[in-house]
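Please examine the structure shown below. The questions that follow concern helix packing and buried residues.

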Amino acid sequence: MHGKTAAASAAKTPSQRLTALPRPEGLKQALVDALICAVGKDPSNATTEEWFRALAHYTRGFMAKRWLDTKRLHHDRDVKAVYYLSMEFLIGRSLQNNLYSLGLEEDVREAMRHLGVDLDQVYEEEYDAALGNGGLGRLAACFLDSLTTQGFPAYGYSIRYDNGMFVQGIENGWQVEQPEDWLRHGNPWEFPRPAVKYFIGFGGRTEHVTDNDGQPRTHWIPDKGLLATAYDLEVPGYGQDLINTIRLWSARPMREINLQHFNNGDLAGALRDKYEAETLSRVLYPGTSTEVGRKLRLRQEYFFVSASLQDILGRYLESTDDLRMLPDKVAIQLNDTHPAIAIPEMMRLLIDQHGLAWPAAWSITTAIFAYTNHTLLPEALEAWPVDFFAELLPRHLEIIYRINEDFLSDVAARFPGDDDLLRRVSIIGEDGVRHVRMGHLAFIGSHKVNGVSALHTDIMKASTFADFHRLYPQRILNKTNGISSRRWLNLANPALAALITSRIGEGWLRDHNELKNLTGFADDAEFRAAFCAIKQANKDRLSARIARDLGVIVNPAAMFDVQVKRIHEYKRQLLNALQVVERYNRIRAGNTAGMTPRTVIFGGKAAADYHMAKLIIKLINDIAQVVNHDPVVDGLLKVLFIPNYSVTAAERIIPAADLSEQISTAGAEASGTGNMKLALNGALTIGTRDGANIEIGDAVGEDNIFFFGLSAEEVAARRAGGYAPYTILETDARLAAVLAMIRGGFFSPDDKDRYTHLVDTLLSSDYFMVLADFAAYVACQDRIDAAYGDQASWTRKAIINVARMGGFSSDRTIRGYAEDIWQVAPCCLMPSRGADAA
């Protein structure tokens, strides 16, 4: 896939490996045995897909003993564990990552070579696990990697999505969605746990009774229910034997078929319960443009949370029945607002099922939960109509009312007469349709709440959660996101990893701060030449892939200008598109002095019901259709949209990038992790002072990053000051020409009105400041043209970016969570080493 044979060997020495079976014949025979026993094929006629399944079976089995040893160790030492609840775990492909983490990759490669099989081709047979979509899920995957590598006991919890979110296709320039059928051949990495299943109820009614001790009790009597069944994935750590777990939930009916309906000829009715149950784990983020879709999303979130909490409590109660000590053994992290229903669900379980009094249950709940806020956009904070709760989760609505009543009583006592404060902080929103504010619920029910970059955390304190920060000034803290360089450098860019290791040693693989030792090589001409050669080889490889998959020929010597991320108005792919049109117009006019040839690469999915984002994809493709077929351009500009952006696609694109587009509206991006991955691979950043861009700028230095545009404070001031975007056209003829071309149908001759609404929206409101930042963005791009023309200087900047990325490691982030939020300690198995270890 990435030409990894030599590079992988150089980046990993025998002293770092966990050696397993005698080599090479013992390992070779073990792989043949796996092919025969697990796949039922002979090596003489096995396909690469069958070899993939055999290798997965062997690797899974190799991890299993360590996995069981880890569980025994955790049990024997009675450790406190982290439980990470996330709607997404975007783990990508697993085979190479697992072999690498276990120290087996080069030995397996050699054994496969003796069997006449190319390991890189085998890697290509694996589907990306469709368990996530974007940065939220990839962060969760990096966090589990770092938790395991550093020895922290941890479980990830999520849903086993049958069809993921969707496979993105492009037809006539439009995004089309198809089911992500990643389980068509099964998932060789999972361990089904049919005995681990929990009842999940919906609807019905509550009954309030008095127990034998005279205490009030509430019984929830659901009128519908289903089962959550467990599937486990092993999570290996780098350079040690510890194996943690991701547990995924799949929805199943209470009974597979209603035989009475079936025998009476009602075939659809016979399977109705099965259909309705399995819908919950069918698709990630079902569309919310309809009431059916919104209810499905809420039911899905509760299904996942309830199963996870029942599982956590069940594991705890295997050792003790004293629930008062639960915070000493359990730390639960809510990864964004989606799992916030866990707060009332834990209260229900503690009070209704385990008999605790309300004060004790609330004390336990707030002590074990912590909440990570990932975005300040209102739609992402989630607010569900009260009527949805009344219909689907009536007991939880009662609990939420009680939480809110107690909370508001406390606030009123502290700030008497401030009714407006009570309105603002209430969990129940009264504006419009009465609704439950899930972000408020998560904040009130957690002992710590963290932002994911310094700016984001400051904005949380100053705006979105300002009232809560006033009430609880010690609760909000920052934990800037991070990435795993083992995945995003050593695996994604093995040649660069090998070059780095050849100069500074392999210690950086465990301590990413050691990358700073690379700084001195930025002035080493020999090192710069080797660095450039690796970047060019990555661009050559990506160019060949683009030609093969898209039929588009790109110049690998041009600057690769990359914006790959979820499509959203605040991420401003539209600003980039407008700049491309402006550049195209200059080329057409012959104003090309100092202009660097560019290939502008877009990639990312738009939510299926997000019309404006899908229209922006269409605009990008319409622009590409015109620009790429205009002979006047003469190699100075090429525009591409790469469909179905994924972890695997990112591993191909990111190492080839020269320029990283991180151009979100200032104050809108919580952190970003794509900015870190691209900088780690030697791309220079053009960005606003938003999210983690600011901290990256602090790390690499202002001379090695390209900032432009309004600050978060200036954005807020413009919005508050009656911003009139149409007036910008009076002083910016270039922008006026760009918008006129788009609105007039220059790029859409088949439908000249296609972009009328898009342009009119920009001119009337421009909420995300696309027009406001346009001139500064174009000027910054001109500075980049000039900087790229000096390749020695550009390469020096790129090397400094790589060297200064050590501080953006997910290992560092996890240590911060462990110390400041979870209060958990590492618990490591000593690695087995030696040629005969098994």
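Q: Which residues of H32 are met by Leu-739, Ile-742 and Arg-743 in H31?
A: In this predicted model, helix H31 covers residues 733–744 and helix H32 covers residues 756–764. By class, their contact comprises 5 nonpolar, 1 polar and 2 charged residues. On the H32 side, the partners of Leu-739, Ile-742 and Arg-743 are Thr-756, Val-759, Asp-760, Leu-762 and Leu-763.

Q: At roughly what angle do the axes of H31 and H32 cross?
A: Two packed helices are described by the angle between their axes and by the distance between those axes. H31 passes H32 in a left-handed crossing. Their axes come within 8 Å, and the crossing angle is roughly 145 degrees.

Q: Is Lys-479 buried or exposed?
A: Lys-479 lies in the loop between strand E16 (476–478) and H22. Its relative accessible area is 10%, and the cut-off for burial is under 20%. Lys-479 is therefore buried.

Q: With which side chain does the side chain of Lys-479 make a polar contact?
A: Beyond its neighbours within four places in sequence, Lys-479 is in contact with several residues, including Asn-450, Thr-813, Tyr-817 and Asp-820. The polar contact, at 2.9 Å, joins the side chain of Lys-479 to that of Asp-820.

Q: How many residues of helix H4 (residues 95–102) are buried?
A: The elements covering the buried residues of H4 include helix H3 (48–77), helix H5 (105–114), strand E8 (224–236) and helix H22 (485–491). Among the buried residues are Leu-95, Asn-98 and Tyr-100. The number of buried residues in H4 is 8 of 8.

Conventions: Residues are numbered from 1 along each chain as its sequence is written. This is a predicted model: local features need pLDDT of at least 70, side-chain atom pairs count only at pLDDT 80 or more; totals for chains, interfaces and linings use all residues. Side-chain values use heavy atoms; hydrogens and water are left out. Buried means under 20% relative accessible area, exposed over 50%, partly exposed in between (1.4 Å probe, protein chains only). Helices (H or I, at least four residues) and strands (E, at least two) are DSSP runs, numbered from the N terminus. Contact means heavy atoms within 4.5 Å. A polar contact is a pair of N or O atoms within 3.5 Å; within protein, one must be able to donate a hydrogen and the other to accept it, and residues adjacent in sequence count only if both atoms are side-chain atoms. Axes are lines fitted to C-alpha atoms, for helices over the stretch in contact, and angles run from 0 to 180 degrees between N-to-C directions. A crossing is left-handed if the near helix is turned anticlockwise from the far one by less than a right angle, and right-handed if clockwise. Ala, Val, Leu, Ile, Met, Phe, Trp, Tyr, Cys and Pro count as nonpolar, Asp, Glu, Lys and Arg as charged, and the others, Gly among them, as polar.
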